[in-house]
Amino acid sequence: MNHLKCACFIITVILILTAVHAYSAIIAQTGFEVAEGFPDSPGTTKVTAGFKITDSSGDYWEGGKAGYQYAGIWTNTKHGGAQSAVFGNNNTTGQYILVDPAGADGVGTVEFWWNTYSGSSTGTVVIQWTTDTLNGSETWTTAGSITLGSLLPWSKTTIVINQSGDVKVRWYKSAAGNGMDLDDVVISVSAAAGIVGPANGATGVQPTAILEWSAPSLYAPTGYDVYFGTNPTTAANPKVVDNALQTTYNPDPDLAFATTYYWQVDTYDGAAKQSGRPWSFTTKPEFVAKVACVGDSITYGYGIPDIGTNSYPAQLQAMLGAGYQVGNFGRSGARVSQISSNPYKGSPEYNAAIAFEPDIVFIALGINDCSVGQWETNEPVFTAHYKDLISDFMMLPSHPQVYLGTLMPVFSPPYAYPAIYANMAECTPLIQQIALGEGLPLIDLYKPLESHPECYAVDGLHPDKNGAAIIAQTVYEAIHMDVHLSAETLLVEEEGPTSDVYTIVLNGIPKQDVTVTLIPSESGQVLLKVNDIETDTVVFTPVNYNQPQTVTVTAVDDTLFEGPHSVVISHSCSSGYRFYDNVVISDISVSIADNDYYGKRVKVFLIGGQSNAAGSGLNTEYPAVYQSPQTDVEFWVGGRLPGDNVPDYNAWDRPADTAFRLLQLGSGNYQAGTHSGFEMSLGRALKEALPYDNIAIVKYGMSGSALMRGLRSSDGAGDWDSGPPAWSPGEGFNGVRYHVFKTSAVLPALQAIVDRGDMPEIAGMFWMQGETDAGNLTAANTYEASLNKLIDTVRADFSTPEMRFIIGRIRTVMGTYNATVRTAMLNVAASDPLTEWINTDDLPVNADNVHYSAAGLVELGERFADAYLSMAPKRGDFEPDGDVDLADFSRFAEQWLSTHCGFCGQADFTSDLNVDLEDFVLFIEGWLE
C-alpha cells in the first residue's frame, strides 16, 4: 500500500481466515484504496459495512460515501484529489470509530498508519478497549495514545493490548487539535491459549479449583508450559506443566484459602514457543465474619459522597478484607429510646441487621437521643432500652460479640446543636456504665476525632469521608481478629546459655478460650517458657486476650558442633471460636551461636574465572603423578542446580556436585570429563607445603564469561557481577556466573564441611579471567572497579575479610583492550596487601594459542600455590601481627595438653583434636623461621 497516496474514505473490516504466522494473525483491517469498498478477496466482492462511526446518540454511517462529513470525521480532497480518512480539528471525546472482532479470541495489537496536516495546536488520539457489553455503562481501558502535531509525516504506531475474549477497540481525539489523516488500521490477535477457568480476576474461588485452558484458534499446539504460584510475575512461578499436551492442571494439595494465585500458559508449535497472558484468581476465605455496623446518620454516611465507598462501614470493609463482610445498617436520625419519634429498634435497618445474623456487632447510637427537646424524655429509658437492643443481638443464633461506641465530638455548628453538646455530658457516662455492666468492650470514638474538626461537614455534627476513615481505623483496630507477635527474629547463644524474649497477644475478643501452641522446628535446641513457666502453650481467655504473654527462648548448651544455626518457632492456633481456629500466625526465627568445636579445621581454596579456570588440558597429557587421585585433598565443582532455572550452557555447564570428591583428573567443569584445570597441581603443591592442614578446593569456571555486568560474549556465557541474577535467552545472563559460583559451589561446600562437624576456613581465591572483558572498551576501562567489587563481595559474602586473592594476569593474545585489563589487574594487586598477581605470559598453550595446555596448567597451579604461600599467615601467629613471638606462645600454652578442645584456638596444628608435643614442635619451628 502506498501510504502517501490514499483513495476515497472508506473504513472496512476484513476477517483474515488464515494465520499470518505461528504467533499472531490479522483479525481486522481498514483500508482506503478503492471508492466502493475494500476487497475481501481477489474478486470483485466489496465489504461496505465493517466499522461503525458512532456518535453519542448511537447513530452510525456504514461508509463508502465520498465527501460525507459526520460527527467530526470527514473526508476532503487536499491530497491531489485523492480522498482519505480524516480526524478533523473538532473531533473531540465521544466521537470514535468502534471495532468488535466477534469470534476472535482476543486482541493482540492495533497498528495505525497516520499523518497530520497543517494546524496551530497539538492533539491526542486515545486508543481504548473493553470486554463489557456496549450498553452505555461499559468501562474502557486506555491502551495507548498518539500525540499529534503540525505536518507530521506518515508514521506507524503499534499499540499492544493483548487481552482475551470478545474485545472492542475504539480510538478518538481526546481534545480539539490538529487533524489526522488515517490511512490504515490493522488489528491482530495473539495466538495464546485461552482461559476456561477460573476466570481471570475471579474471587471466592474454591481451594479445590482445577486450572483449565483452551488451545489457540490459529494452530494446534504441540505442548504447553504452565507456570503457577503466588508470584505476581506469572512466569517467575514454578513450572507445573512442562511441554505436555494437556489442557487442565489439578493442584495438589488443595489451594490455600484467601490467597491470590497467578498463572500463565505458554504454547509450543514445534520448537517455537508463544508466551501466554498473565492470569490470576483469589480463593475464598476459610470463613467470613459478618460485621453489623448499627447506628444513625453518621454510620449511614450522611453527606458523604459515594457512601458505598466512603462511609465508615465501607472503609472498614476495605481494611478488614475478604475474610469479613461488613453491613451498613445506619438509619438517619435513629435513637436508642423506643418511645422517641425515630427508635432504631423496629426500623427496617434494625430488621435487616437482625436478619444479617452477624458475628460482630458495633453499635454507635445515642447522639440523636441528646437532641433538642428529646433528652428529657429519652434519658429515663435510655439505659434499659439500650440493654434491650443489645440483648436482641446477643440472642441471635450467631451469638455475636457486641462492641459499643462512645459518642463522637460535636463542633461549634451553625445549627441548633449546642443542646446535643450539653446533653452528651449526661449520655456518655450512661453508655460507659452499660458497657461495664454488660461486660462489653467500649470503643472510644471521641478521642480520635476531637482534634480533627477539619474532618467534619459544615454542620459540625457529621464526619466527612476523612472523619469516617478515622472511625473505620479505630473500629478496625478494636475488632479485627489476629494474633500479634512483638518480634520476628531472636538471637541466643549456647555459651551461658543466653535468652531472648517476645510477646504474644490477641487483637479482638474471643468468645471462647484460644490456645496458641509454640512449635520449634528442631527439638532440643531451645527451651521455651511462657511467663517464666516451662510450657509450649499460651492460653487466652475473653478476659486476658489483650494482655501480652511473654515467651522466653533460651539456647540449649549441647555438645554437638553445629556452627551458627537457627530454629524456627511456628505457631498453631486452636479455639472453639471459629474466627481464631487455625488463624495464620507469623514465625519467629531464632539464631543460635554455637560453642562446640570438636572437628577439624579445613582450609578452603576457591577457584573462579572463565575457560582457563575451567581448564582445557587433556587428561592424557598430564604427567604420570596426576593420573591417580590425590586422596588427601578434597574437591567440589559448581554447576547447574535442580530447579534453579539456570539455562544449560554447552559442554562447559555440568550439574553441580552434591558432595566432596577426591581431587582427580576429569572432575572439573568440562562436562565430558576429558579435560582438567590447574587445580591438579595447585592441590598437590598446597598439600606438600602444608602437610598438617586439611585442604579442600572449591571451583567454578565458565568459558567465555565476563566480569562486567551485561557484557555479552559471542557465546552468551554471562557475567560474574554480584548483583541480583537475571537471565533469559533474549536478555542474556546477568550475574548468573557469580550466582552459580556462590549457590552451587561455595555455600553448599562450606555447609557440607559444617554438617560433618568440621570448621571451614576460606584461605584464598585464585582468579583466572579477563579475556572477554578485554574485547570491550567499557568492560576494559571498568575492569579495575569490577574486580575490586568482586573481591570485596567474596570476602563479605563468606565472612572472610583476611582471604588472600591471587590474580592470574591474562596473556597478550586476546582482546583489543588487553593492555588495559592487564594494567587493571596490576593496579588491584598493588592497592590491596592481601591481593597478588602472577605472570602467565610464558605458559605453554594449546594449538588455539588461547588455552593453556596440560603442561601450562600444571605450571599455572604451582605459580598460584607459590603466590599464596608467600602471602599466607605464619604458623603460630595467633595475634596476628606478622611475627611468632612470646605473646603467641602464651596463646599456645593456654591450649597445651588440652584434649578434645575443639579447634583449640588454632593451636592444634596436626588436626588430631589435641594440643600436644607434636604441635609444640611445629610451633617452635614457626617461631624460629
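## The loop carrying Asn595

In this predicted model, Asn595 belongs to the loop that links strand E39 (588–593) to strand E40 (601–609). Beyond its neighbours within four places in sequence, Asn595 has contacts with Glu494, Glu495, Asp557 and Asp558. A further pairing in space involves Glu493: its C-alpha atom lies 7.9 Å from that of Asn595, although 102 residues separate the two along the chain.

## The parallel sheet

An open sheet is built from 5 strands, arranged in the order E26-E25-E27-E28-E29 with parallel pairing. Its edges are strand E26 (324–330) and strand E29 (442–443), each of which pairs on one side only. Strand E25 (residues 289–295) runs parallel to E26 and is joined to it by 7 bridges. Within this pair of strands, Gly295 has Gly330 of E26 as its bridge partner.

Two helices pack on the sheet. Helix H3 (residues 312–320) touches E25, E26 and strand E27 (360–364), and the direction of H3 makes about 175 degrees with that of E26. Helix H4 (residues 348–356) touches E25 and E26; the angle between the directions of H4 and E26 is about 160 degrees.

## The second largest pocket

The second largest pocket encloses about 480 Å³ of space. It is lined by 17 residues, of which Ala258, Phe287, Gly323, Val583 and Val584 are the closest to its centre. Classified by residue type, the lining of this pocket comprises 11 nonpolar, 3 polar and 3 charged residues.

Note on methods. Residues numbered from 1 in each chain as written. Predicted model: local features only at pLDDT ≥ 70, side-chain atom pairs only at ≥ 80, totals over all residues. Heavy atoms only, no water. Pairing = 2+ DSSP bridges. Helix = DSSP H or I, 4+ residues; strand = E, 2+ residues; numbered from the N terminus. Contact = heavy atoms within 4.5 Å. Axes fitted to C-alpha atoms, helices over the stretch in contact; angles between N-to-C directions. 1 Å grid on protein atoms, 1.4 Å probe; cavity = no way out; pocket = protein on both sides within 12 Å on 5 of 7 lines; lining within 4 Å. Points joined across faces, edges and corners; volume = space filled by probe spheres on them. Nonpolar A, V, L, I, M, F, W, Y, C, P; charged D, E, K, R; others polar.
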